[in-house]
Amino acid sequence: MTALPATHSAARQRRRRPGSALIRRRLAPYLFVLPFLAIFFAFSVYPLVFTARLSFTNWRGTGAAEWVGWDNYTYLLSNPGFWGSLGNSAVLWLLIVPIQLVLGVIVAVLLNSATLRLRGMYRVAFIVPFVTPLVAVAQIWIVLFDQQYGAVNAVLGGLGLPDVGWLTTSEWSKPTLALLFLWKTTGFIVIILLSGLQSIDNSLYEAADLDGASRVRQIWSITVPLLRRTIMFAVVLQTLAVFQMFAEPFVVTQGGPYNSTTTAGYYLYNHITRADLGTGAANSFLLVILVMALSLLFVRTLRAKD
Amino acid sequence: MADMTLTERDQRETSAPSTSATELGPVGARGSRRSQLRIGTHAFLLLLMAGFLAPVAWALVSSFKPANDIIRAPLSFDPSTFTLDNYVAMFHDVPIAHGFLNTAIVLIAKGAITMFFAPLAAYAFAKYEFVGKNIIFGAVLITLMLPTIVLIIPLLLEMKTFGWVNTYQALILPGAVDAFAIFWMRQVISAVPDELLDAARVDGCSEFGIFWRVIVPVIRPGLAGLAVLTIMNIYNDFVWPVVIASSEQMATLQVVLSTLAQNITGNRIGADYATVTGELLAASSVALIPLLVLFIVLQRHFINGILAGSVKG
């Protein structure tokens, strides 16, 4: 595609300074990508290959590594702790993604209306949580949801409701973390959905208006189907994020109580702290495979419906 | 939420029978329904907005209350008890200034590397042919999908081999020319017309000169988006810093903050809890403010940055 203009200009250039300009033009891209490539190979490609090898050894960070074949993988796949961490992540996914999508679509549709006043203000307010540092917010969560002194239980008390052990009971720890995640990232999903909405042709709504379709009907029959790509994209992004969730449980609950918030990402970290590097590496790969399989599944269901 | 569903149901029920009547033009009825809907919309959005802002607002306000009041009366604020005690105690007990310094050093160095080398490499991917281009770009796309935690173990070992644990290099170099930045900037630069580059060549511009004098000025809005996104990511980055640089000397702002939370969950003793909570809210507020200000000033670029890679992918 670029061949035509390229030779054209090369010919023009040759007239000015024969040869050397063309050589420089050939060499230039190598120089331009070199710094990136150095960093990319040193800190992405090499570590990845290294993890792959590590996952077949029992190396503990010192001494000689012993090749153990698939042992780390079979150990994990037969370990209730590993499945428990996936289960915790799956529950968090269920608590987060459906709510976030419904809420996200409603808010995005409302904000997309050109006649809505204060749109800018709302949009800014919804993104504030997304730009705030997670660690700071996670700490505020700890204080807000403290069973004895927290503001949330103070509100419940004011309404005559009993205290809830938000972070200290295994029934409530997941919803509390899910709420943190929802609060932090829903604005981001709204922004993504808004951009999807802006690509929908307005004349479709005008035609539906003429046919007398109600606003809700229009959302269900025009907006949602045309937004499906964007919605699926959001689902894939959030699936990746939920299954990799690490910093939230690390700061707020340290995976507890009773491992109820030991997410897939946090479980992986546990191997590192125990210097069980081979198992950790195997765990990373299992997690990657799972996440990629889930993403593919979502993409395929999207294609199938198209 | 209740407001919204009510109004919507109201709207649906009334609009079905009135469809035929609409053609006759009951403008008044339709108008009043519209305004009801508008009030419902605003009620819903305002409620939601309050929910989104409440945690941050509560933390900011509470950080100026006496520590004991934060836990004794978490929902009230008496302006006459306004105090900076939490901040004074926090700056005394927590090495937060040092954390800010470390974050600033990493931000400047890593940010500069990203902002220069990512568009430069992306320029090569967008506008040149070279050996291995497609393979390398494929590898970039794959790393985009990988969870970051996958690389943590081998990177940690690599840093140990280099003797880089608890150094600035370790905080700055890994991820400095991030795959996402390459991917996004390649798309932005691809949109620049080739004629512009050829015209510059005819004028005797060098290949780097084309990048510097033609590409960079043209893609400035994209660069602004990349800049804010990069700042946000580096400022908020936590997982890698806590693994590689957790010493007191090297801890970044987020790492300093996270140790505070561990104090609070690890050490639940009556009076002490109040002090720690006060300091924690003060520290969180101090950490929140720079990014909030930046966001409010540069919101358009933030939104562009957040959107950029996502939807086009």
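Here a colleague asks a modeller how some labels for this two-chain structure were reached.

Colleague: Before we start, what are we looking at, and how are things numbered?

Modeller: This is a predicted model, where local features need pLDDT of at least 70, side-chain atom pairs count only at pLDDT 80 or more, and totals for chains, interfaces and linings use all residues. Residues are numbered from 1 along each chain as its sequence is written, while chains are lettered from A and ligands numbered from 1 in the order in which they are written.

Colleague: What makes up chain B in terms of helices and strands?

Modeller: Chain B has 17 helices and zero strands. Those are DSSP runs numbered from the N terminus (helices are H or I with at least four residues, strands E with at least two).

Colleague: Why is Glu129(B) called exposed?

Modeller: A residue is exposed if 12 or fewer other C-beta atoms lie within 10 Å of its own, buried if 20 or more do, and partly exposed in between, with C-beta atoms placed from the backbone. Glu129(B) has 12 such neighbours, so it counts as exposed. You'll find Glu129(B) in the loop between helix H6 (96–127) and helix H7 (133–145) of chain B.

Colleague: And what makes Leu144(B) partly exposed?

Modeller: Leu144(B) has 14 other C-beta atoms within 10 Å, so partly exposed is the label. Leu144(B) belongs to helix H7 of chain B. Leaving aside neighbours within four places in sequence, Leu144(B) is in contact with Ala179(B), Phe180(B) and Phe183(B); contact means C-beta atoms, placed from the backbone, within 7 Å. Its C-alpha atom is 6.4 Å from that of Phe180(B), 36 residues apart in sequence.

Colleague: Why is H7(B) called oblique to H10(B)?

Modeller: H7(B) and helix H10 (residues 179–190) of chain B pack at about 125 degrees, with axes 9 Å apart. Angles under 35 degrees count as roughly parallel, over 145 as roughly antiparallel, 65 to 115 as roughly perpendicular and the rest as oblique. So H7(B) is oblique to H10(B). The axes are lines fitted to C-alpha atoms, for helices over the stretch in contact, and angles run from 0 to 180 degrees between N-to-C directions. The contact pairs Val140(B), Leu141(B), Thr143(B) and Leu144(B) of H7(B) with Ala179(B), Phe180(B), Ile182(B) and Phe183(B) of H10(B).

Colleague: How do you know which label suits H2(A) and H8(B)?

Modeller: Helix H2 (residues 20–54) of chain A and helix H8 (residues 152–162) of chain B cross at roughly 110 degrees, with their axes coming within 8 Å. That makes H2(A) roughly perpendicular to H8(B). Chain A brings Phe43(A), Pro47(A), Phe50(A), Thr51(A) and Leu54(A), and chain B brings Ile153(B), Pro154(B), Leu155(B) and Glu158(B).

Colleague: What does the whole interface involve?

Modeller: The contact takes 81 residues from chain A and 81 residues from chain B.

Colleague: Why say helix H6 of chain A is largely enclosed by the rest of the structure?

Modeller: Eleven of the eleven residues of H6(A), 134–144, are buried, so the helix is largely enclosed by the rest of the structure. Among them are Gln139(A) and Trp141(A).

Colleague: What makes a nonpolar core, and which residues have the most contacts inside the largest one?

Modeller: A core is a set of buried Ala, Val, Leu, Ile, Met, Phe, Trp, Tyr and Cys residues joined through C-beta atoms within 7 Å. The largest has 158 residues, and those with the most contacts inside it are Ala121(B), Val177(B), Ile182(B) and Ala283(B). Not counting residues up to four places away in sequence, Ala121(B) touches Phe32(A), Val33(A), Phe36(A), Val177(B) and Ile182(B).

Key. Contact = placed C-beta atoms within 7 Å.
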